[in-house]
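Here's a quick tour of a protein model, meant to be read with the picture open. Grab a coffee and follow along.

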Number of protein chains: 2
Amino acid sequence: MDNFEFSNTTELIFGRDTEKEVGRKIRQYSDCRKILLVYGSERIRKDGLYDRIAEPVRAQGIEIFDLGGVKPNPRLGLVYQGIELCRKEEIPFILAVGGASVIDTAKAIGVGVPYDGDVWDFFMGKASPEKTLPTATVCTIPAAGSESSLSAVITNEEGWLKKSINLNLIRPLFSVMNPELTFSLPPYQIGCGVVDMLTHVMERYFTNTRDVDVTDRLCEAVMKSIIINGEKTYRYPDDYNARAEIFWAGAVAHNGSLNVGREQDWASHRIGIELSGKYDLAHGASLSIVFPAWMRYVYKHDIDRFVQFAVRVWDVDIAFGKKDEIVMEAIRRMCGFFKKLGMPVTLAEAGIPEDAFEEMADKATFGDTIPVGHFVPIGKEAMIRIYQMCSVNCNI
Amino acid sequence: MDNFEFSNTTELIFGRDTEKEVGRKIRQYSDCRKILLVYGSERIRKDGLYDRIAEPVRAQGIEIFDLGGVKPNPRLGLVYQGIELCRKEEIPFILAVGGASVIDTAKAIGVGVPYDGDVWDFFMGKASPEKTLPTATVCTIPAAGSESSLSAVITNEEGWLKKSINLNLIRPLFSVMNPELTFSLPPYQIGCGVVDMLTHVMERYFTNTRDVDVTDRLCEAVMKSIIINGEKTYRYPDDYNARAEIFWAGAVAHNGSLNVGREQDWASHRIGIELSGKYDLAHGASLSIVFPAWMRYVYKHDIDRFVQFAVRVWDVDIAFGKKDEIVMEAIRRMCGFFKKLGMPVTLAEAGIPEDAFEEMADKATFGDTIPVGHFVPIGKEAMIRIYQMCSVNCNI
């Protein structure tokens, strides 16, 4: 186990009707008189969520300024708008109502407001945020875990650069999670979310760090629960209990507790981001295609870790066959799970052509100068090979 | 799953040589010029730990006031002394160096200093703390998890009343955990600590709340790791990796993440506390005796939960026999594990007579008016029966 420092200060308020607590909770943390409410589509007005949140907030004497229109792969342009609005109106607190795109937008605005330079500096690694406006969330999508994570991912429209910042400073003060608010999500979005949270654990699980038994087993516990409840919640969207489990699993997957003292990988996310950017493919769908291919490419690097994954997570019997066969069976089972969630496992299933592998690999590795991932560092040639393997159906 | 609110703000600094970070960390959180350093025996002076901590603390311009002499089952009398010293010297920050007894003493002093009344009021439920001096810890014993928990247990010498407070306010600001500092602990203390942390998970695991799959599996993950690494660290005290796993498992077991959205039990702790008080028996030893008996008394209340425990935690094959037989086999395996750690599993093994069952049961239930525990509420007669079952060897 490596030395580590860990803290997660976000308070989570979980369960039925909890969105009504937002006003009280803001007041607990702040004496603010104004908040910026960041959201995506106008759906939250039609279904009454906006009013259910706004009413108790206003009852605390708090004025609400709206910033709607956040899209998937949230854009830097809207972050700039939010920063300008907060400065002009002297708004000291940001509330995000939505999924990770909305939350990440709020986090980026939060560090942008007190910064003299361009907030994009932080995402390009030119500067590190030292202050933030306090942020809070009402999370409505079980997926990325941004509601208690230290990450924010923003896309710069110029050149479609998707970049992240990761630091404790940007964890929300509190997040409200009511599983009922997620019942109306379309099945495809649930499928994408479940894949995303499973891969958040897998990016942590495949590590070169030795002697990490507690976190290995915690990862396996969360993965098993995602597999069981993911399928259940996809089939029965208004089953409160399955939805509650998957919502909580998504938060645990990305809150940082599963990666303490261990190196993480994140190659598959990086490889998938290029697919998402070039073909406007949902983040979850890029991962259900890339992860099986990445696994087949790297598993020999530490076959015993993959056998452990097969046996403990996918219940492949240790006597199933040779180590390679055990691993391949686990990947097949994983692909079968992704398919049950309506997700693609090959480029063809997502309608993606095979003509830009080199371009994407070149971009992701900065012209083959910086490999992606840590379990096995993936350079340009390796990434092209993985893209090629994305066209092979893993059931074969 | 029940609605819940959860936060854990303690920062953990884990690994080799981390005690040297204490000065820097205090300064990160506070501009204090004085701290109270609470500890147990003078051993920390002889082995150099005191100086390794004190030097970088003083280098930050911080004066250290000592409060040594904390004993197991930490006493209210020393808490009063600490409160008085902090008030007299205007000390605004408390650092605990030791195990849970030391840390709990620091937490109690922390809430006592800014309170006008008697700090014992909090433990008797007559008042609730609203303020605390900030506390931090260098934890040197893998056991109770007090280093990031919201609990403090203090014993009032008058009448030997052992009482706890539980609230987020008293979580330490930060805790330093270096597994190497635990190498020199005597085997008996390691055995007690491992039993304690396992039972911290079991008190959460046996619940009447339905649909708690994620937390069930997280509990099982931590229990399996405690079982494997507990035996290993008992046999090989200077194996850094096993000690690191058990140290971390103990923190996770009691940091609150394993009980979100679920009712907890805690009957066995309450039943064990009477044994500890009356016979000066170590906390862990009381639990290794009580828990098997409690299980045999209550398992029929929810035999399926006990079967799940047997199969998933103790690897009892589902075809081992009837449900009762599967459960009994799990209890036998658990007792076998306790014995491998040098712990007693019957009263006789601990040299405890059987002549005070009624007295202890009467005291714990306040004259049979308030039952203990939630999974199955245990009244006076039931508690006497459980004490009787403590004399039966569970291998029979």
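Chain A can be laid on chain B with an RMSD of 0.0 Å, using a turn of 180° and a shift of 0.0 Å along the axis; the fit is by least squares on the C-alpha atoms of residues with pLDDT of at least 70 in both. The two copies are thus related as by a two-fold rotation axis. Keep in mind that this is a predicted model, where local features need pLDDT of at least 70 and side-chain atom pairs count only at pLDDT 80 or more, while totals for chains, interfaces and linings use all residues. Residues are numbered from 1 along each chain as its sequence is written, chains are lettered from A and ligands numbered from 1 in the order in which they are written, and side-chain values use heavy atoms, with hydrogens and water left out.

**How the copies meet**

- Of chain A's residues, A:T9 comes closest to the rotation axis, with its C-alpha at 2.3 Å.
- The copies meet through the same surface, because 100% of the interface residues of chain A are also interface residues in chain B.
- Next door in the sequence, A:T10 is part of strand β1 (residues 4-14) of chain A; strands (E, at least two residues) and helices (H or I, at least four) are DSSP runs, numbered from the N terminus.
- A:T10 is buried, with a relative accessible area of 3%; buried means under 20%, exposed over 50%, and partly exposed in between (1.4 Å probe, protein chains only).
- Leaving out residues up to four places away in sequence, A:T10 touches residues of both chains, including A:E147, A:L173, B:F6 and B:S7; touching, or contact, means heavy atoms within 4.5 Å.
- A polar atom of the A:T10 side chain lies 2.7 Å from the backbone oxygen of A:P172.

**The nonpolar core**

- In soluble globular proteins, nonpolar side chains tend to be buried together.
- Here the largest nonpolar core has 236 residues, and A:W248, A:W294, B:W248 and B:W294 have the most contacts inside it; such a core is a set of buried Ala, Val, Leu, Ile, Met, Phe, Trp, Tyr and Cys residues joined through side-chain atoms within 4.5 Å.
- What does A:W294 touch, not counting residues up to four places away in sequence? Among its partners are A:F206, A:F306, A:F375 and A:I386.

**Two helices to look at**

- In helix α1 (residues 22-29) of chain A, the buried residues are A:V22, A:G23, A:K25 and A:I26.
- They cover an arc of only 165° around the axis, which puts them on the same side of α1(A); the arc is that of the directions from the helix axis to the C-beta atoms.
- B:M383 is in helix α15 (residues 380-389) of chain B, and counts as buried at 0% relative accessibility.
- Apart from neighbours within four places in sequence, B:M383 is in contact with B:I271, B:A361, B:A364, B:T365, B:V372 and B:I378.

**Cysteines**

- There are zero disulfides over all chains, a disulfide being a pair of cysteine sulfur atoms within 2.5 Å.
- For B:C86, the nearest cysteine sulfur is that of B:C32, 11 Å away.
- B:C86 is buried, with a relative accessible area of 2%.

**Unusual backbone angles**

- Most residues other than glycine have a negative phi.
- B:E90 has a positive phi of about 55° although it is not a glycine, and sits in the loop between α4 (76-89) and β4 (94-98) of chain B.
- B:E90 is exposed, with a relative accessible area of 66%.
- B:D315 also has a positive phi, near 55°, in the loop between α12 (303-314) and α13 (323-340) of chain B.

Note on methods. Polar contact = N/O pair within 3.5 Å; in protein donor to acceptor, adjacent residues only side chain to side chain.
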